[in-house]
Amino acid sequence: MVKPGFIRHPWSNQQGDPIWVTSAIQRIENEAMRGCGLYYEIYHHRVICQLLHLLNTMNANDRLLIKQEAAKRGFNLDKTSVEENHQNYQETLTEIRNNEY
């Protein structure tokens with residue numbers, strides 16, 4: 001049984017190795033910062049993509065905890081929000097490309 005606020009550790013091969021859900025999301029946020037060029041849309045997109053990937057590996061209880069904590073941190077994982085995030089990301093990439101030339 002995992003303690004409240006903890007999920008199965010997604011990056012560990014040890015059976016029953018929990019991680020605090022906030023720590024897991026902070027790790028994703030820290031990794032997303034590298035290489036985003038201080039563009040919030042790129043950073044946000046990277047976090048969303050990693051969270052969605054993580055959700056695919058989780059059981060139902062862990063998915064719920066991830067979604068709740070992500071929402072508290074401003075990362076909504078519903079279909080509309082994900083599509084809007086992707087659109088903003090694409091627009092930012094287009095602006096960057098247009099400004100390079």
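**Helix packing and two buried residues in a predicted model**

The axes of helix H1 (residues 21-33) and helix H3 cross at roughly 65 degrees and come within 10 Å of each other. In this predicted model, the crossing in which H1 passes H3 is right-handed. On the H1 side, the contact is made by Val 21, Thr 22 and Ile 25. On the H3 side, Leu 65, Ile 66, Glu 69 and Ala 70 take part. Two packed helices are in general described by the angle between their axes together with the distance between those axes.

These two helices belong to a chain that has four helices and two strands. Read along the sequence, the elements follow the pattern β-β-α-α-α-α. Taken along the principal axes, the C-alpha atoms of the chain fill a box of roughly 55 × 25 × 20 Å. The chain comprises 101 residues, of which 33% count as buried. Among the contacts in the chain with a separation of 6 or more, 52% are accounted for by residues 24 or more positions apart.

Within helix H1 lies Ile 28. The relative accessible area of Ile 28 is 2%, and the residue is therefore classed as buried, since the cut-off for this class is under 20%. Residues up to four places away in sequence being left out, Ile 28 touches Trp 11, Val 47, Gln 50, Leu 51 and Leu 54. One of these partners, Val 47, is 19 residues apart from Ile 28 along the chain, and the C-alpha atoms of the two residues are separated by 6.2 Å.

A second buried residue, Asp 62, is located in helix H3, which spans residues 60-72. Although buried, Asp 62 has no salt bridge. The nearest side chain of opposite charge belongs to Arg 8 and is 4.8 Å away; a salt bridge requires a side-chain nitrogen of Lys or Arg within 4 Å of a carboxyl oxygen of Asp or Glu, so the pair does not qualify. The backbone of Arg 8 nevertheless provides a polar partner: its nitrogen lies 3.1 Å from a polar atom of the Asp 62 side chain. With residues up to four places away in sequence not counted, Asp 62 touches Phe 6, Ile 7 and Arg 8.

Conventions. Residues are numbered from 1 along each chain as its sequence is written. This is a predicted model: local features need pLDDT of at least 70, side-chain atom pairs count only at pLDDT 80 or more; totals for chains, interfaces and linings use all residues. Side-chain values use heavy atoms; hydrogens and water are left out. Buried means under 20% relative accessible area, exposed over 50%, partly exposed in between (1.4 Å probe, protein chains only). Lys and Arg count as positive and Asp and Glu as negative; His and the chain ends are not counted. A polar contact is a pair of N or O atoms within 3.5 Å; within protein, one must be able to donate a hydrogen and the other to accept it, and residues adjacent in sequence count only if both atoms are side-chain atoms. Contact means heavy atoms within 4.5 Å. Axes are lines fitted to C-alpha atoms, for helices over the stretch in contact, and angles run from 0 to 180 degrees between N-to-C directions. A crossing is left-handed if the near helix is turned anticlockwise from the far one by less than a right angle, and right-handed if clockwise.
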